[in-house]
Amino acid sequence: MSDVFDKIINGEIPSYKVYEDDDVLAFLDLTQATPGHTLVVPKKHVADIYEYDEELAARVLGVLPKIARAIKASDDRIIGLNIINNNGEAAGQSVFHSHFHLLPRYVDDGYDIPVLDNSDKMTEEIYQERAQKIAEQFERN
């Protein structure tokens, strides 16, 4: 099965490449939510973060800082950077080939990522139970 990112990786669809190595391709997102908005994709097709093995994760995540530094250095107006990775339709993933959005931030860029705070609904017991359920999964795998 081939998706738009596979086609870009294979050169079937043009892109504005900013970085490439044997395992990773980074190119401008056509939406340009903010100037310099870049997508970083593994060349190996994995649908989402759950399909990464440790080796692929190390190769892909290992180049994120390098690409982020290049983006920041490209424009003196950049004052920050969001790295966003959506996994699954419910999380907003629209292309089911894992990818990371690197979104440069500028003064008054109009881009807003709402942050929810549910701490007022939490108790020590809820925190402990959630942490334990997650930690137990490492023992099973």
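**Close-up views of a predicted HIT-domain model**

UniProt, in an unreviewed entry, puts the feature "domain: HIT" at residues 4-112; UniProt positions follow the numbering used here, feature names are shortened, and annotations may be inferred rather than shown by experiment. This is a predicted model, where local features need pLDDT of at least 70, side-chain atom pairs count only at pLDDT 80 or more, and totals for chains, interfaces and linings use all residues. Residues are numbered from 1 along each chain as its sequence is written, and side-chain values use heavy atoms, with hydrogens and water left out.

**View 1. The whole chain carries 3 helices and 5 strands.** Helices (H or I, at least four residues) and strands (E, at least two) are DSSP runs, numbered from the N terminus. Going along the sequence, you meet them as α-β-β-β-α-β-β-α. The C-alpha atoms fit in a box of roughly 50 × 40 × 25 Å along the principal axes. Within residues 4-112, helix makes up 24% and strand 23%, with the end C-alpha atoms 27 Å apart.

**View 2. Here is the open, antiparallel sheet, with its 5 strands in the order S1-S2-S3-S5-S4.** Strand S1 (17-20) and strand S4 (80-84) sit at the edges with a single partner strand each, so one side of each has no neighbour in the sheet. On average, neighbouring strands are turned by 20° against each other, direction ignored. Axes are lines fitted to C-alpha atoms (for helices, over the stretch in contact), and angles run from 0 to 180 degrees between N-to-C directions.

**View 3. Zooming in on one edge, S1 pairs with strand S2 (residues 24-28) in the antiparallel sense.** The two share 3 bridges; pairing takes at least two bridges found by DSSP. Look for Tyr19, whose bridge partner in S2 is Ala26.

**View 4. Helix H2 (residues 54-73) lies across S1, S2, strand S3 (38-42), S4 and strand S5 (100-105).** H2 runs at about 20° to S5. Contact means heavy atoms within 4.5 Å.

**View 5. The largest pocket holds about 210 Å³ of space.** A pocket is an open set of points on a 1 Å grid over the protein atoms alone, where a 1.4 Å probe fits, with protein on both sides within 12 Å along at least five of seven lines; lining residues have an atom within 4 Å of a point. Of its 17 lining residues, Phe5, Ile8, Phe27, Leu30 and Leu39 lie nearest the centre. Helix H1 (4-9) and S2 are the elements giving two or more residues to the lining, and H1 gives the most, with 3.

Notes: Grid points are joined across faces, edges and corners, and a volume is the space filled by probe spheres set on the points.
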